[in-house]
Amino acid sequence: MNKILQKSIIVISILLISLNFSLAQSPEEKIKQLEERIKHLEIEISKIQTAEKQKEQIIQEIEALKEEIRRLRLEVAMPEIELKSYFGLGPAASKIYYTPKGLSIAGYGEITYENYLDPSKTDRGDVLRFVPYIGYKFTDNIIVNSELEIEHAGFGNIGSRNPDVYVEFLYVDFILTSKFNIRTGLFLIPASGMNEYHEPTVYFGTLRPDVERFIVPTVWRELGVMVYGELTNGFSYKAGLINGLRTDLISDWIASGRQRGGTINFDKFAGAFGLSFQSVKNLILSASLYYGGGSDKGGASERGTEEAKFLLLTTEASFQLGYLSTKALFAYGSASGNDAYINRAGRAKRVYGWYAEAGYNLIPVIYPESIISFSPFVRYERYNLNREVFTGSPSPSKDRSVLTIGLDFKPHPQVVIKADYQIRNTTSNLPAGKGTGKDEWKIDQFNIGVGFIF
């Protein structure tokens with residue numbers, strides 16, 4: 001606005017001077033002088049416009065150079081891992097796909113501390129996960145990828161010290177075309193984005209969101225075969241035929257019914273489908289559907305009596321606006337079964353859950369070229385593990401909400417330090433506390449964790 005005003009004043013002043021001067025001249029001389037003035041002014045205006053265009057170009061070049069410096073710093077800091085996901089897998093799990101040939105070793109780890117703000121519950125420290133990935137690329141088209149998960153320092157039960165080590169996935173990928181590929185073995189199913197993209201550096205919070213632990217049972221893997229690919233630019237799909245669930249292990253919802261590839265009951269099958277669509281830059285919309293059967297007893301055991309069907313639908317959206325990251329997810333599940341299944345008290349007929357979160361990386365505001373990030377974030381969750389039950393009454397203690405406020409600090413893109421405070425509540429009338437007559441899920445907690453990928 002100031003430049004336009006300055007230009008206007010200059011033009012008017014020159015015209016007025018020219019007009020006064022021209023009173024003593026002949027009409028022809030006046031016209032000639034005015035035409036020369038106009039030409040001169042047009043040249044001056046053209047110079048100003050050219051300078052403004054050059055200024056814009058210089059600004060764009062500076063921004064491009066900043067981005068190039070940031071990218072080069074990332075390459076120096078992360079020489080081994082491509083900073084991108086292969087069809088929804090985490091960056092470390094994707095390493096084998098960007099390895100030229102032969103063996104690939106990657107992994108991640110998490111160590112956590114949970115401080116419960118109630119004297120009835122003991123605080124907990126945990127080597128939560130140590131996960132080596134081992135992959136081998138036979139050719140560009142045939143790849144083996146595996147994940148060995150060691151949870152709780154290798155002990156699933158503190159009292160009996162039972163081992164808690166899993167083959168989390170083990171599959172062979174046949175890479176055919178960008179639109180159609182085949183994966184077979186034990187693999188992560190497309191139940192939600194976090195089920196496959198769950199390494200500690202890629203999500204906010206010391207602990208994964210409750211909704212993606214209890215409603216969508218992350219990490220969920222089963223045996224079967226899956227096809228996947230990218231149909232058009234930004235639109236990808238996955239479709240898998242896998243084993244069903246084991247119902248005798250289910251107390252309320254399906255998390256405990258996952259068979260995880262160990263001597264499984266293959267009497268029932270399930271389908272798992274996932275779609276992901278990036279319609280505009282930095283906006284990703286995704287949906288997944290699981291539908292399948294379940295029966296009791298383990299593989300090769302005498303056939304049982306329970307039979308059931310399960311459905312889980314998940315939709316989610318994530319959006320990156322500058323240094324602001326946002327995400328929202330909704331999940332709905334339902335079950336049906338024969339009398340042997342539904343007569344057990346506490347089993348859910350319908351469940352649901354949702355959450356929304358936002359975080360902002362403050363470091364680029366101060367130092368745009370830095371690879372360090374420091375992101376305050378907030379997340380609110382609401383979920384009900386027994387919105388409706390087959391037998392008995394729903395437990396208000398399973399109708400829960402969680403507000404998480406925290407910090408996510410990455411001194412290096414592969415290392416994260418997290419701290420957060422969780423305000424937990426349920427719809428029960430019981431006081432907060434652990435033990436008979438109390439509600440454990442009302443206990444607020446403070447969490448600290450450190451995680452890494454390599």
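Visitor: Which element gives the most to the nonpolar patch?

Guide: In this predicted model, strand S2 gives the most to the patch, with three residues.

Visitor: What makes the nonpolar surface patch, and which elements give two or more residues to it?

Guide: Leu103, Ile105, Phe130, Ile134, Tyr136, Phe138, Ile142, Phe174, Leu176, Phe180 and Phe454 make this patch of about 1,000 Å². The elements that contribute two or more residues are S1 and strand S2, the latter covering residues 124-137.

Visitor: Why is Phe174 called partly exposed?

Guide: Phe174, which is found in strand S4 (residues 162-174), has a relative accessible area of 32%. Buried would need a value under 20% and exposed a value over 50%, so Phe174, at 32%, counts as partly exposed. A patch residue must have over 30% relative accessible area, and the 32% of Phe174 meets that condition.

Visitor: How do you know that Arg124 and Glu114 meet in a salt bridge?

Guide: The distance from N to O between their side chains is 3.1 Å, and the cut-off for a salt bridge is within 4 Å, so this pair qualifies. Side chains of opposite charge can pair when their charged atoms come close. Among the 24 salt bridges counted by this rule, the one between Arg124 and Glu114 ties together parts that are 10 residues apart in sequence, because Arg124 lies in strand S2 and Glu114 in strand S1.

Visitor: Which of these two partners is buried, and which is partly exposed?

Guide: Glu114 has 5% relative accessibility, and buried means under 20%, so Glu114 counts as buried. Arg124, with a relative accessible area of 38%, falls between the cut-offs of 20% and 50% and is therefore partly exposed.

Visitor: What makes the contact of Glu151 with Arg129 a salt bridge?

Guide: Their closest N and O atoms are 3.7 Å apart, which satisfies the cut-off of within 4 Å. The pair links distant parts of the chain, since Glu151 belongs to strand S3 (residues 142-157) and Arg129 to strand S2, 22 residues apart. Both Glu151 and Arg129 are buried.

Visitor: Why are Lys410 and Asp408 called buried?

Guide: Lys410 has a relative accessible area of 15% and Asp408 one of 0%, and as buried means under 20%, both residues fit the term. Their side chains meet in a salt bridge, with 2.9 Å from N to O. Elsewhere, salt bridges that share partners join Glu110, Arg129, Glu149 and Glu151 into one network.

Visitor: How much space lies in the second largest pocket, and which residues are the closest to its centre?

Guide: The second largest pocket holds about 1,200 Å³ of space, and of the 40 residues that line it, Arg124, Arg129, His152, Arg213 and Phe214 are the closest to its centre. Two or more lining residues come from each of S1, S2, S3, S4 and helix H4 (211-215). By kind, the lining divides into 12 nonpolar, eight polar and 20 charged residues.

Visitor: How many cavities of 30 Å³ or more does the structure hold, and what lines the largest cavity?

Guide: The structure holds one such cavity, and about 50 Å³ of space lies in the largest cavity. The lining consists of Glu110, Ile111, Thr112, Pro200, Thr206, Val416, Lys418, Gly449, Val450 and Gly451. Strand S1 (102-116), strand S16 (415-426) and strand S17 (445-453) are the elements that give two or more residues to this lining, whose residues divide into four nonpolar, four polar and two charged.

Conventions:
Residues numbered from 1 in each chain as written. Predicted model: local features only at pLDDT ≥ 70, side-chain atom pairs only at ≥ 80, totals over all residues. Heavy atoms only, no water. 1 Å grid on protein atoms, 1.4 Å probe; cavity = no way out; pocket = protein on both sides within 12 Å on 5 of 7 lines; lining within 4 Å. Points joined across faces, edges and corners; volume = space filled by probe spheres on them. Helix = DSSP H or I, 4+ residues; strand = E, 2+ residues; numbered from the N terminus. Nonpolar A, V, L, I, M, F, W, Y, C, P; charged D, E, K, R; others polar. Patch = residues over 30% accessible without salt bridge, like charges linked within 9 Å, V, L, I, M, F, W, Y side chains within 5 Å. Areas by Shrake-Rupley, 256 points an atom, 1.4 Å probe, with all protein chains shown as cover. Buried < 20%, exposed > 50% of the residue type's maximum accessible area, 1.4 Å probe, protein only.
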